[in-house]
Amino acid sequence: MECQVCANLEISVEKPPGASPLSFIALLKVYRELLVSRIRNTQCLIDNLIKNDYFSTEDAEIVVQFPTQADKVRKILDLVQSKGEEVSEYFIRVLQKVTDAYYELQPWLDEIGYEPSEHICSKPVVNTDPVSRYCQKLRYELGRDSKFVMSYAQREEMLLEEVYSNSIMELVSFTNESLGEVCQLEALFDDTVGLINEDGETIYVFGDAGIGKSILLQKIQSLWARKELDIGAKFFFRFRCRMFSCFKEDEAICLKDLLFKYNCYPDQDPAEVFHHILQFPHTVLFTFDGFDEIYSNFDLSSVPEMCSPNEPIHPLVLLVSLLRGKLLKGSKKILTARTGTEIQRNIIRKKVLLRGFSSNNLKEYTAVFFKDEGQRTLVLNQLEANPNLCSLCSVPLFCWIIFKCYEHFHSMSDSHELPDCSVTLTDVFLLMIEVHLNRSLKTSLLKNNTRSQAEMFKSKKETLLALGKMAYKGMENSFFIFEQEEVSSANISEEDLQLGFLRTVKGYSGCDNQSTYEFLHLTLQSFFTALFLVIEEKVGAKELLQFFNECSSTETAQLTCLRIPWLKKQLAGEDPFRNNEHFHFTNLFLCGLLSRSKQKLFRHLVLPAVVKRKRKTLITYLGESMKSHLKGLSRSRFPNYNQIQVQPNFVWMLRCLYETQSEKVGKLAAKHMHANYIKLTYCNAYSADCSAISFVVHHFQKRLALDLDNNNINDYGVKQLLPCFSKLAVIRLSVNQVTDHGVRILYEELSKYQIVTFLGLYNNQITDVGAKYVAKLIEECSSLEYVKIGANKITSEGGKCLAQAIQKSKTMFEIGMWGNQVGDEGAKAFAEALRNHPRLTNVSLAFNGITTEGGKSIAEAMRHNNSVKIFWLTKNELDDEAAMSFAEMLKVNNKLVHLW
């Protein structure tokens, strides 16, 4: 009957036209049963009525005596109405003000159009509702706990707001097909996008180790605590899944204790707060971080599914029951795990794949990490220069490690420049290993870790050896997936697996009951292989150098490797599609680990004599191999130059030489080139490789030519060539993404030495600003004869500057301007430069937006030129009138041989 009355009362009461509004006493009478059914907290009403002297202590005692909540509400209503209109209005005012406790009555308050009188507004209302108080306490504690982030190395705390940066979050199907990106965190809870199972209750967020799962949950926690996450959640309970592994098999707790004892305990009436949670599960948000970190022998199949919220049972059963919706059905849940963790489909509502940083995310994170603009620009340039580092930076953990490397080197230098010992991949991976090892330490309460890198590596030597042994065996056989049996045979423990170097993957052997693993990144397996070769004392020369032989191409196998019988391999039948980049990285890391700068670290892990022997073997091999390689390269003779054309494999050799930091091998490489024109075109060299190129080239005693056309060198690469400029007479950097900044560096350096004769900058990103620097170089450097600067972004302004510089130069022989936009104004300036120029022989102004006006100016000037023999003007906008002008010019100019 009561429910029927309540249903009827939800319909608005129709008042006759012109009828006066109901009094407050009448309102309480009319809507009595609605109020009885919707008011779940009486203590807050009693407290406020007593505080304003509307209730006496005796009134409160009378109310408390009633056994049920509904009866208590009825008695309060009786007492309030008996005390008159003011008390009845104040009663309604409390319902309006304490929205947390009486949120179900807010629509009713809107319906009756309640506006408090001025007198009632002056009466204080205090929220003493236990549920509201608990929500406030939860927000405070979770806000405090989420304010700081512990660094990956567990050594420092950082403000979340100063380090958090968005990353790519992709909604996916059960088969991991993309359903679109998550642009705002609220979209995680929006069922209009990405819903794959409407019966599931858990949002499953997965990704590789270090991809940012934990910090994402901390961000969500922080937003909720600040009331900036609008998803209708009044309660937030967060758990680290690994805590469920800490309970003994016979332990049992109830749901209330799990929520309150392991999160935040209510200061008042826990039973009422818990009852509210049970009644309104849709207002609860859970986060469970690291489902893959649960390791327990507890057999879930031995206990029934849990449905009772009050019955004590093992915490793991509570966890599974929550995820399945057997407890607090309708609550919101986010579960994170590493890629490869199997989760039952029936609990998943959405799947979210974390992919790490996009290029824009990376720029945002760089701005957050490096406040100084100079440092920020330098780091971004270095990342662009080194694609290996840049690809690693898509993983936030790796990005943080790499940035800490840069930060360390910046701290050693007073300027924005890195010192000579710039960050290498070996440096980055050593720090990465240290970070992972640090995370496994059990630190004292409120104390941070202070162990040095050497101490950390020494304490975990057996773990490093075990991982290295497995990586080495896999690398030997080109195996990158490891069965559980292989992991166990390498003595890799469960604790070692938790370090995060390995991740589980879907098995391919059909043994679904056993885990299958791979290294977090293929380069990480290469690094551990090299580490094993260094710290395993039994490794001899054959094993140490075996992967250099793997890197030899079929054509150059006998030339790029030292002629040692046990290093030769049968190349017949070799897989033509085989990728050997992982061998290249293994060799690169081996060179870095055996460099002099790392000897201090390894004397704690292996006998110094062993490291010395291995380093000597490596250095000898590199020297002889470089010598053998250079003998087999194609060579050409030009006037004043002996050219050598190197292969892409040579770039890897240079990288290895650079990692060793052995000046002896660098000098030897320079000596055995027997050439003064080094052609490194189409070698897929990146700007970071310019450091390795400089490492060898600066040992040349005479002037030389360096051709780096068609690579991936940018301004940073130009800067890395600084040690070479005093030797370079020819520098070719066409098709290399060089901008005005790089041109400025070229001008500043080349103008110092006054020896450059050829400057190739075709098809880059040079504007009028860069053109002005080239113009200054032409004016100041009398040795400069050839300038190729076509296919850039030069307009009439830059064109005029170049033309004026050429007009002043008596030595310029060729200017290539094809594919710019100098227009008629630029053409007129070049016309003045051509008039009576004593030496300019080859000119290209093709595809420059020149019309008839500019063409006629050039034709007129060429009537007075006796030096130009080849002139390109194709792909301009010249008409018959311009053609007539050139025809007339040719009657006078008998030196021009080719006009295109």
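**Reading a predicted model: a tutorial dialogue**

Q: How many helices and strands make up the secondary structure of the protein?

A: The secondary structure comes to 40 helices and 23 strands. Please keep in mind that this is a predicted model.

Q: What share of the residues is buried, and what surface does the protein expose?

A: Of the 900 residues in the protein, 54% are buried. The protein exposes about 40,800 Å², and carbon and sulfur atoms supply 50% of that area.

Q: What part of the contacts with a separation of 6 or more joins residues 24 or more positions apart?

A: Such pairs account for 78% of the contacts in the protein with a separation of 6 or more.

Q: How should one read a single helix, for instance α10?

A: One may begin with its length. Helix α10 covers residues 130–145, which is 16 residues, and reaches 22 Å from its first C-alpha to its last, close to the 22 Å expected at 1.5 Å a residue. One may then ask about burial: the buried residues of α10 include P130, Y134, C135, L138 and L142.

Q: Against which elements do the buried residues of α10 pack?

A: They pack against three helices, α12 (213–225), α13 (255–261) and α14 (270–279), and against the strand β6 (235–240).

Q: How is a sheet to be read?

A: Strands of a sheet pair through backbone hydrogen bonds, in either a parallel or an antiparallel manner. Here, an open sheet of eleven strands with mixed pairing runs in the order β13-β14-β15-β16-β17-β18-β19-β20-β21-β22-β23. The edges are held by β13 (634–638) and β23 (898–899); each has a single partner strand, so one side of each is left without a neighbour in the sheet.

Q: Which way do β20 and β21 run, parallel or antiparallel?

A: Strand β20 (residues 814–816) and strand β21 (residues 842–844) run parallel and are joined by three bridges. Within this pair, E814 stands opposite N842 in β21.

Q: How many disulfides does a search of the whole structure find?

A: A disulfide is a covalent bond between the sulfur atoms of two cysteines. The search of the whole structure finds zero disulfides. As for the setting of individual cysteines, C241 is buried, with a relative accessible area of 0%, whereas C801 is partly exposed, at 22%.

Q: Where is E825 placed, and which residues does E825 touch?

A: E825 lies in helix α38 (residues 823–834) and counts as partly exposed, because its relative accessibility is 43%. Leaving aside residues up to four places away in sequence, E825 touches S796 and K800. E825 and G799 are 26 residues apart in sequence, with 8.3 Å between their C-alpha atoms.

Note on methods:
Residues numbered from 1 in each chain as written. Predicted model: local features only at pLDDT ≥ 70, side-chain atom pairs only at ≥ 80, totals over all residues. Heavy atoms only, no water. Helix = DSSP H or I, 4+ residues; strand = E, 2+ residues; numbered from the N terminus. Buried < 20%, exposed > 50% of the residue type's maximum accessible area, 1.4 Å probe, protein only. Contact = heavy atoms within 4.5 Å. Areas by Shrake-Rupley, 256 points an atom, 1.4 Å probe, with all protein chains shown as cover. Disulfide = S-S within 2.5 Å. Expected span 1.5 Å × (residues − 1). Pairing = 2+ DSSP bridges.
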